[in-house]
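User: I am new to this structure and would like to understand the reasoning behind the words used to describe it. Could you take me through it step by step?

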Amino acid sequence: MKFTAEQIAGILDGTVDGNPEAEVSKLSKIEEGTEGSLTFLSNPKYTPYIYKTGASIAIVDKSFKPEKELNITLIRVEDAYKSFSKLLEYYNQVKLNKTGVENPVFISESASYGDNVYIGAFSYLGNNVKIGNNVKIYPNVYIGDNCSIGDDSVIFQGAKIYSDSVIGKTVYVHSGVIIGADGFGFAPDEKGEYTRIPQTGNVIIEDNVDIGAGTTIDRATLGSTIIRRGVKLDNQIQIAHNVEIGEHTAIAAQTGIAGSTKIGRNCLIGGQVGIVGHLTIGDRVRIQAQSGIGRNLKDDEAVQGSPAISYSDYNKSYVHFKNLPDLVKQINNLEKQKSNDK
């Protein structure tokens with residue numbers, strides 16, 4: 001699909017400096033631009049590239065003043081970075097704008113779906129499933145009995161959503177995600193053998209949540225595992241039964257959260273963090289990558305390490321960690337000197 005500079009300027013509330021009929025059909029980095037591509041300039045470090053890029057159109061700040069002759073059409077906006085991000089979202093919506101029901105699919109007679117939906121081939125919609133308006137369900141998706149999915153949500157290919165799960169509006173569930181599998185619930189008997197504890201709860205995903213590829217979210221033993229509004233989950237995260245994650249918290253890849261832990265709002269959790277079960281993590285907490293969390297954390301704490309300690313204390317301690325060999329050598333020398341003095 002092609003767009004002219006004039007059309008793009010209309011989308012971004014910008015002005016055209018150059019040829020309003022210049023056309024683009026793809027996006028590019030400014031240093032890799034080719035004819036027919038659209039790029040942007042926001043970081044002054046990349047300014048030299050705008051004079052030699054092969055791109056046809058560039059989005060720039062209104063304040064940009066070229067120091068050399070340009071062979072590219074400019075679209076001037078208030079904030080080039082934000083405008084390019086807006087355009088990426090618009091482009092993504094156009095690219096994902098599929099509608100209709102492909103064949104073959106299985107849709108239970110008791111299932112229902114709204115207007116302008118897309119249901120890809122080989123998908124399965126179980127009994128009493130309710131799908132809202134403008135929902136996109138890509139091929140090979142499984143949606144179990146009694147699930148509901150709100151308006152404008154997208155379920156990418158190969159995702160599996162177990163029975164009784166509730167998914168809100170504008171939720172993005174990427175490939176390989178599994179929502180509602182059994183939590184890790186087993187009870188040992190007198191012989192040391194394990195009996196499975198039935199997991200009878202569900203998973204609730206509120207509005208505007210993004211769930212990265214390969215992430216797993218377990219159903220509750222009783223009640224619900226809850227992912228609150230605006231949460232952003234990276235790829236390959238494990239969230240155990242009865243966990244609750246507060247609004248607008250972001251969690252990076254390969255983090256594991258054990259059962260019944262409650263995480264507050266607006267937290268930032270780095271990659272490969274491990275959090276044990278039955279903890280309470282406060283609001284606005286910052287957990288650095290590869291930390292191990294074994295205690296409750298208060299609002300606004302910043303921690304690092306395994307077991308995690310205060311972020312500032314960790315940095316101070318690290319100075320000593322890396323000098324340990326020299327310190328040991330000094331101690332050994334002092335002991336030898338003391339022994340020789342006797």
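**Reasoning from values to words**

Analyst: Let us begin with one residue: threonine 53, once its neighbours within four places in sequence are set aside, is in contact with Ile30, Gly33 and Ile72. The model is a predicted one, and threonine 53 belongs to the loop between strand E5 (37-40) and strand E6 (57-61).

User: What makes threonine 53 count as buried?

Analyst: The relative accessible area of threonine 53 is 13%, and buried means under 20%, so threonine 53 is buried. Its C-alpha lies 47 Å in space from that of isoleucine 204, and the two residues are 151 apart in sequence.

User: Why is threonine 4 called buried, and what is it in contact with beyond its neighbours within four places in sequence?

Analyst: Threonine 4, which is found in strand E1 (residues 3-4), has a relative accessibility of 11%; because the limit for buried is under 20%, threonine 4 counts as buried. Leaving those neighbours aside, threonine 4 is in contact with Pro20, Glu21, Ala22, Glu23 and Ile57.

User: Why are helices H1 and H2 described as roughly perpendicular?

Analyst: The axes of helix H1 (residues 5-12) and helix H2 (residues 80-95) come within 10 Å and cross at roughly 105 degrees. Angles of 65 to 115 degrees count as roughly perpendicular, and H1 and H2 are therefore described in that way. On the side of H1 the contact is made by Ile8, Ile11 and Leu12, and on the side of H2 by Ser83, Lys86, Leu87 and Tyr90. By class, the residues of this contact are five nonpolar, one polar and one charged.

User: How do you know that strands E9 and E38 are at the edges of their sheet?

Analyst: The sheet is open and has ten strands, with parallel pairing, in the order E9-E12-E15-E18-E21-E26-E29-E32-E35-E38. Strand E9 (106-107) and strand E38 (292-293) each have a single partner strand, so one side of each is left without a neighbour in the sheet.

User: What makes E18 and E21 paired strands, and how do they run?

Analyst: Strands pair if there are at least two bridges between them, and two bridges join strand E18 (residues 160-161) to strand E21 (residues 178-181), with the strands running parallel. Here isoleucine 161 stands opposite isoleucine 179 in E21. E21 is also joined to strand E26 (residues 216-218), by three bridges and again running parallel, and alanine 181 stands opposite aspartate 218 in E26.

User: Which strands stand at the edges of the sheet of twelve strands, and why?

Analyst: That sheet is open too, with mixed pairing, and its order is E8-E11-E14-E17-E20-E25-E28-E31-E34-E37-E39-E40. Strand E8 (100-101) and strand E40 (308-310) stand at the edges, because each has a single partner strand and so has one side without a neighbour in the sheet. Helix H3 (residues 311-322) packs on the sheet, touching strand E39 (302-305) and E40, and its direction makes about 100 degrees with that of E40.

User: Which residues have the most contacts inside the largest nonpolar core?

Analyst: That core has 48 residues, and those with the most contacts inside it are Ile143, Ile245 and Ile293. Another core, of 15 residues, lies apart from it and includes Ala5, Leu38, Ala80 and Leu87. In soluble globular proteins, nonpolar side chains tend to be buried together.

How values were computed. Residues numbered from 1 in each chain as written. Predicted model: local features only at pLDDT ≥ 70, side-chain atom pairs only at ≥ 80, totals over all residues. Heavy atoms only, no water. Axes fitted to C-alpha atoms, helices over the stretch in contact; angles between N-to-C directions. Helix = DSSP H or I, 4+ residues; strand = E, 2+ residues; numbered from the N terminus. Parallel < 35°, antiparallel > 145°, perpendicular 65-115°, else oblique. Contact = heavy atoms within 4.5 Å. Nonpolar A, V, L, I, M, F, W, Y, C, P; charged D, E, K, R; others polar. Buried < 20%, exposed > 50% of the residue type's maximum accessible area, 1.4 Å probe, protein only. Core = buried A, V, L, I, M, F, W, Y, C linked by side-chain atoms within 4.5 Å.
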